[in-house]
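Hello,

Here is the structure for your files. My notes follow below it.

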Amino acid sequence: MPELPEVEVVRRGLAAHVAGRTVDSVEVCNHRAVRRHLPGASDFTARLTGTRLGHARRRGKYLWLPLDDGGEALLAHLGMSGQLLVQPSRAPLGRHLRVRLRLDTGIDLRFVDQRTFGGLVLTPLAPSTADGAAVPLPITHIGVDALDRSFDPARFATQLRRRQTGVKRALLDQRLMSGVGNIYADEALWRARLHYARPTETLRRTEIARLVAAVQAVLGEALQQGGTSFDALYVNVNGESGYFDRSLAVYGQADRPCPRCGALVQRAAFMNRSAYTCPRCQPRPRRARW
DNA sequence: CGTGGCCCCTGATTGC
DNA sequence: TGCAATCAGGGGCCAC
């Protein structure tokens, strides 16, 4: 469940259903899912067993559960296909179950991940270089997201204009601003009428302000609708889908009319993925870059 | 150091 | 029907 709105939906579910519960036992079904935990799966299991889980927190696409023994957290990244599900312990174990935490009241917290790009790790907390807040050590370099109180638009604009790359590539760089992925980058650029290959160093302050407002609007609207789900891979902790896919203007809409001007949306190859644009609202810059 | 290309993995879909 | 190629909400790593 990858981008900020989907991860935030999961965070809220965890805060409601697992905060304060104790981990009775841990089962790592696929070691790849804890590969970032360098001391190994047995260390992961031993140290997590018996701890109490705290209130779920999030930065960008990462989320974590602080542990009650202080200074440490269970950090999760969902990658392309990860899910955190809260289920009765007796629920059938699916094919893609990677890590199973049995909690103290007959429920499981399950990490399910078809492609295993995501994973879990036990890690100390450390000060973020972005705002000084206590965050898990492996993500101290991750930027504040555009919906965070401490997000600083002027600082973002300065950093963005200092880069020499395409604006979409910069949006996907989680160090400048976190939480935006392929869907919401395309949607925000469309709202701001900017082409993905626009060189960052040529962006005017007013254009960046438009872009930030577009990012905040699209993330906020998607969150209100429970996120974007095209299929059963992107669900909340109860396995339910969000509805923002009905509101997408360009992402996945190749050959369909732009909701603003009616021109046909185009798909282009971009960084081994896709970029969707309206050719009329978002004309390609003379000097393109990505 | 910043930038850009490649790779990790499984499964659904498309086209020959 | 079979099989290969392509694509999918991500990011780490490594040359340059």
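Which residues of α5 are buried? They are N182, I183, Y184, A185, D186, E187, A188, L189 and W190. Buried means under 20% relative accessible area, with a 1.4 Å probe and protein chains only. Helices are DSSP runs of H or I with at least four residues, strands are E runs of at least two, and both are numbered from the N terminus.

Please note that this is a predicted model: local features need pLDDT of at least 70, side-chain atom pairs count only at pLDDT 80 or more, and totals for chains, interfaces and linings use all residues. Residues are numbered from 1 along each chain as its sequence is written, chains are lettered from A and ligands numbered from 1 in the order in which they are written, and side-chain values use heavy atoms, without hydrogens and water.

**Helix α5**

Helix α5 spans residues 182-191, and 9 of its 10 residues are buried, so the rest of the structure largely encloses it. Its cover includes α1 (4-17), α4 (167-172), α6 (205-224) and β11 (273-277). After α5 comes R193, with a positive phi near 55 degrees.

**DNA strand B**

DNA strand B is surrounded by 13 residues (a heavy atom within 4 Å of the strand). The closest are R95, R163, Q164, T165 and R169. Of the strand B atoms within 4 Å of the protein, 60% belong to sugar or phosphate and the rest to bases.

Three side chains stand out for a look:

- R163: a polar side-chain atom lies 2.5 Å from a phosphate oxygen of DNA strand B.
- R115: a polar side-chain atom lies 2.8 Å from a base oxygen of DNA strand B.
- R169: a side-chain N or O atom is 3.1 Å from a base nitrogen of DNA strand B.

Best wishes

Conventions: Polar contact = N/O pair within 3.5 Å; in protein donor to acceptor, adjacent residues only side chain to side chain. Buried < 20%, exposed > 50% of the residue type's maximum accessible area, 1.4 Å probe, protein only. Contact = heavy atoms within 4.5 Å.
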